Structure formats: structure tokens, C-alpha cells
There are 2 protein chains.
Amino acid sequence: MSRRTRELNATTAAPVFAALGDRKRLALLARLANGQPQSIVQLTRGMGLSRQGVTKHLTILEQTRLVTSERVGREIRFTLQSNRLGEAKRYLERASQQWDDAIGRLQKLVEK
Amino acid sequence: MSRRTRELNATTAAPVFAALGDRKRLALLARLANGQPQSIVQLTRGMGLSRQGVTKHLTILEQTRLVTSERVGREIRFTLQSNRLGEAKRYLERASQQWDDAIGRLQKLVEK
DNA sequence: CATAAGAGCGACCTCTTGGTTGCTCATTAC
DNA sequence: GTAATGAGCAACCAAGAGGTCGCTCTTATG
């Protein structure tokens with residue numbers, strides 16, 4: 001029984017958004033979204049950052065489960081976890097929906 | 001011609017996610033999502049934080065346009081901007097969709 | 001086997017973040 | 001008019017983030 005896809009709350013969502021809150025990390029995710037799993041050196045290319053710097057970012061992304069990694073020989077291949085992005089997306093969805101509902105109720109009151 | 005609701009890219013999205021990447025700030029947004037615009041002292045209540053601390057968080061939320069403020073007498077009322085949340089949501093939507101599409105194409109290739 | 005390639009680990013540095021306190025200013029209430 | 005309330009500003013502090021370098025370890029490759 002995997003608990004991987006339960007809903008995020010303020011406490012669990014914050015680290016995920018924090019992980020998304022960096023240009024370089026978003027760039028890494030965008031790279032991974034484009035196709036196959038990629039190794040650290042591959043992801044380092046054209047990133048304007050040292051390999052160790054990239055590793056740090058990938059560690060953060062992995063800790064928040066936005067990516068997963070798999071060792072293949074001497075390489076480590078990173079894969080985007082789109083379901084995790086989905087969880088973050090749904091969190092925002094709920095917040096904005098709640099607000100829109102509140103506004104809607106308020107307007108009805110005013111109209112009466 | 002307002003440019004407020006154009007699409008986010010990696011550069012413009014990062015600060016928004018960074019703003020969302022803090023428990024306290026998510027709590028503030030949740031509060032604002034519950035109903036009417038609220039002042040700083042109101043938002044401070046039960047936050048376990050000094051008024052100035054809350055002000056700092058609200059400043060960050062306002063700089064990224066997740067909230068707007070309006071002066072009313074000696075108070076400042078903060079309002080949630082649900083469309084901004086929507087922009088962030090759509091950014092995540094695109095990334096995960098792109099990945100899912102890539103995976104789909106890959107599987108088709110394998111099946112052949 | 002020797003070497004190259006991919007990655008881990010630790011030390012280090014600087015700038016930013018999240019938080020505080022203290023004081024001042026403006027607006028409302030009595 | 002005086003007090004109380006809401007907010008701004010500046011200084012300060014500790015901890016964390018983002019980045020580097022240097023060295024070691026492991027896994028191919030020739």
C-alpha cells in the first residue's frame with residue numbers, strides 16, 4: 001500500500017515548492033522533462049555550474065521526490081517524477097479554488 | 001493591455017515557487033484563502049511570529065504578486081491573488097504533461 | 001594492468017533568509 | 001488633546017543556501 005500519492009498539506013508542500021524555487025533546478029527539471037533519464041555529467045553540460053554544484057541541486061530534487069535516481073554501472077540516471085509535480089499542482093488548485101469559492105459566496109451576499 | 005497573466009518561464013516561475021516554499025507563508029495564504037482580506041495584526045494572531053516577521057513574509061508574497069495590499073485608514077488589507085496561483089499551477093501542468101508525452105512516445109517505440 | 005570517466009565526501013566561503021528588538025510615524029478612539 | 005492601535009524602518013543575529021576546490025573511490029575502456 002504505497003502512500004506516495006496522498007495529498008500535500010502546508011507542511012509537506014513547503015519543501016517541494018522550496019525545491020522548485022530555484023532557476024537552476026527548474027532548468028534541470030525541464031531538461032529531464034524533455035526525454036530520457038540522464039546522468040549527472042550529462043545534466044552538468046551547458047548548466048554553467050560545477051558537477052558538484054549540480055549534484056547538490058539533484059540531491060534536493062531527490063529528497064523532495066521530484067526526481068528519482070538509479071545506478072547504472074558507474075553512472076546515476078535521474079528521472080523526473082511527474083506525479084510529484086501533480087501533487088504540487090493540486091495543492092495550488094485547492095488553494096485557488098477555495099478562494100474563488102469564498103469570493104463567489106461574498107458576491108452573492110452583496111447582490112441580495 | 002495588462003501583461004499580468006502571461007505564461008511563466010523558468011526565470012519568472014522560480015521566485016514564485018520560492019515564495020511558496022515556506023510553511024509560514026503557505027499558512028498565511030491559507031488564511032487569506034478562507035475569506036476576506038485581512039490586516040497585518042489580524043494575520044499575525046496565532047502565527048507564533050512577531051508582527052515584523054509576518055510583515056517580511058507578506059512583503060515577499062506581494063513582490064511575487066501572490067497577494068496584493070490596499071491601505072484602508074491605518075490598516076493594510078491583504079488579498080490573495082488566485083490567478084497568480086493559477087499561473088504557477090499551469091507551469092507545473094506543462095512540465096508534467098511534457099514528461100508524460102515523452103514517456104508515451106517512448107513506450108510506443110518499445111512496443112513496435 | 002593502467003588510465004579515464006562518473007560520482008561521493010568534506011572543507012570552506014559568501015550571500016541570503018528568517019527571525020528578533022527598538023524606535024518612529026500616522027491614524028483612529030476616547 | 002491624549003492615548004492606543006496599526007504599520008514602517010533600521011540594525012542586528014544565527015542558520016542555511018548555493019557555490020567552489022581537492023581528494024578518494026568505483027567502474028569501464030584500451
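Hi everyone, let's begin at the interface: 32 residues of chain A are in contact with 32 residues of chain B, where contact means heavy atoms within 4.5 Å. Before I go on, this is a predicted model, so local features need pLDDT of at least 70, side-chain atom pairs count only at pLDDT 80 or more, and totals for chains, interfaces and linings use all residues. Residues are numbered from 1 along each chain as its sequence is written, chains are lettered from A and ligands numbered from 1 in the order in which they are written, and side-chain values use heavy atoms, with hydrogens and water left out.

Back to the interface. The size of an interface is often given as the accessible area lost when the parts come together. Here chain A and chain B bury about 2800 Å² between them, with 70% of it on carbon and sulfur atoms; that figure is the accessible area (1.4 Å probe) that two parts lose on being put together, summed over both. On the chain A side, A:Leu26, A:Leu92 and A:Trp99 lose the most area to chain B, together 23% of what that side buries. And how many salt bridges does the rule find across the interface of chain A and chain B? Zero, taking a salt bridge as a side-chain nitrogen of Lys or Arg within 4 Å of a carboxyl oxygen of Asp or Glu.

Now the symmetry. Chain A can be laid on chain B by a turn of 180 degrees and a shift of 0.0 Å along the axis, with an RMSD of 0.0 Å. The two copies are thus related as by a two-fold rotation axis. Both copies use the same surface, since 100% of the contact residues of chain A recur in chain B. For the record, copies are superposed by least squares on the C-alpha atoms of residues with pLDDT of at least 70 in both.

On to the aromatic rings. There are three aromatic pairs over all chains; rings of Phe, Tyr and Trp (its six-membered ring) pair if their centres lie within 6.5 Å, and planes under 30 degrees apart count as stacked, over 60 as edge-to-face and the rest as tilted. One of the pairs is A:Phe17 with B:Phe17, which is stacked at 6.2 Å centre to centre and 10 degrees between the planes. A:Phe17 lies in helix H1 (residues 10-20) of chain A and B:Phe17 in helix H1 (residues 10-20) of chain B, so this pair joins two chains. Helices, by the way, are DSSP runs (H or I, at least four residues), as are strands (E, at least two), numbered from the N terminus.

Are these two rings buried or exposed? A:Phe17 is buried, at a relative accessible area of 0%, and B:Phe17 is buried too, at 1%. The cut-offs are under 20% relative accessible area for buried and over 50% for exposed, with partly exposed in between (1.4 Å probe, protein chains only). A:Phe17, A:Tyr91, B:Phe17 and B:Tyr91 form one aromatic cluster.

Here is a charged residue to look at: B:Lys89, in helix H5 (residues 82-111) of chain B. B:Lys89 is buried yet has no salt bridge, and the nearest side chain of opposite charge, A:Glu93, is 4.1 Å away. In that count Lys and Arg are positive and Asp and Glu negative, while His and the chain ends are not counted. Leaving aside neighbours within four places in sequence, B:Lys89 is in contact with A:Lys89, A:Leu92 and A:Glu93.

So where are the salt bridges? The count comes to six over all chains. Among them, A:Glu75 meets A:Arg77 at 3.0 Å, N to O, and B:Glu75 forms one with B:Arg77, again with the closest N and O atoms 3.0 Å apart. Another is B:Arg94 with B:Glu7, at 3.7 Å, N to O. B:Arg94 lies in helix H5 of chain B and B:Glu7 in the segment before H1, so that pair ties together parts that are 87 residues apart in sequence. B:Arg94 is partly exposed at 30% relative accessibility, whereas B:Glu7 is exposed at 57%.

Last stop, the backbone. A:Arg65 has a positive phi of about 60 degrees although it is not a glycine, and it sits in the loop between H4 and strand E1 (67-72) of chain A. In chain B, phi of B:Arg65 is also near 60 degrees. A:Arg65 is partly exposed at 37% relative accessibility, and B:Arg65 is partly exposed at 39%. Thanks for listening!
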